[in-house]
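Open the model in your viewer and keep the selection tool ready. Take the stops in order.

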Amino acid sequence: MTADLERVIAAARSWLGTPYHDQASLRGVGCDCLGLARGVWREVVGPEPFPIPPYSRDWGETGPREVLADGARAMMPEIAPADAPPGALVLFRMMPRAIAKHVGILTGPATFLHAYERLGVIEEPLTPTWARKIAFAFLFPAR
């Protein structure tokens with residue numbers, strides 16, 4: 001069973017305007033893209049299931065393992081990116097051959113919300129460029 005998608009979107013939008021702060025997750029104070037997803041999780045699902053270890057900000061990071069996708073897969077139902085509805089968590093591969101390191105939440109058929117350095121939490125169009133970068137998609141589970 002999955003969380004109500006409208007509730008996920010409302011929770012995500014409540015973070016709009018939160019300043020960017022690396023590895024933080026405090027609505028209105030600061031967060032990065034993963035911190036935004038963590039905050040939505042806490043509101044929609046409940047307490048975080050495990051502490052998040054420190055992580056690199058390098059979007060060009062390569063490696064044999066999709067660490068972020070594996071972590072999401074352990075807690076959330078995975079769906080094909082092409083089937084992701086508004087309310088889905090999406091992971092972006094920002095550079096070819098790099099691992100997926102950026103997180104967003106779809107808010108409409110052509111919009112998404114994410115935390116972006118220097119801009120904070122914003123909602124913007126899911127342009128073809130952004131859409132091509134989606135590597136994984138997940139649904140928040142029900143409480």
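Select Cys 31. In this predicted model, Cys 31 has 0% relative accessibility, so it counts as buried. Keep it on screen and add Cys 33. Cys 33 is buried too, with a relative accessible area of 10%; the cut-off for buried is under 20%.

Now show the two sulfur atoms. Why is Cys 33 not bonded to Cys 31? The sulfur of Cys 33 lies 8.6 Å from that of Cys 31, its closest cysteine sulfur, and that is too far for a bond. A disulfide requires sulfur atoms within 2.5 Å. By this rule the model has zero disulfides. Cys 31 is accordingly in none, with the sulfur of Cys 33 the nearest at 8.6 Å.

Next, display the largest pocket. What is its volume? It comes to about 830 Å³. To centre the view, select Leu 34, Ile 52, Tyr 55, Leu 68 and Val 103; of the 37 lining residues, these lie nearest the centre of the pocket.

Then colour the elements that give two or more residues to the lining. Two are helices: helix 2 (33-44) and helix 3 (67-73). The others are strand 4 (89-92), strand 5 (102-108) and strand 6 (111-116). Which element gives the largest share? Helix 2 does, with five residues.

Last stop: recolour the lining of the largest pocket by residue class. Expect 25 nonpolar residues. Nine charged and three polar residues make up the rest of the lining.

Key. Residues numbered from 1 in each chain as written. Predicted model: local features only at pLDDT ≥ 70, side-chain atom pairs only at ≥ 80, totals over all residues. Heavy atoms only, no water. Buried < 20%, exposed > 50% of the residue type's maximum accessible area, 1.4 Å probe, protein only. 1 Å grid on protein atoms, 1.4 Å probe; cavity = no way out; pocket = protein on both sides within 12 Å on 5 of 7 lines; lining within 4 Å. Points joined across faces, edges and corners; volume = space filled by probe spheres on them. Helix = DSSP H or I, 4+ residues; strand = E, 2+ residues; numbered from the N terminus. Nonpolar A, V, L, I, M, F, W, Y, C, P; charged D, E, K, R; others polar.
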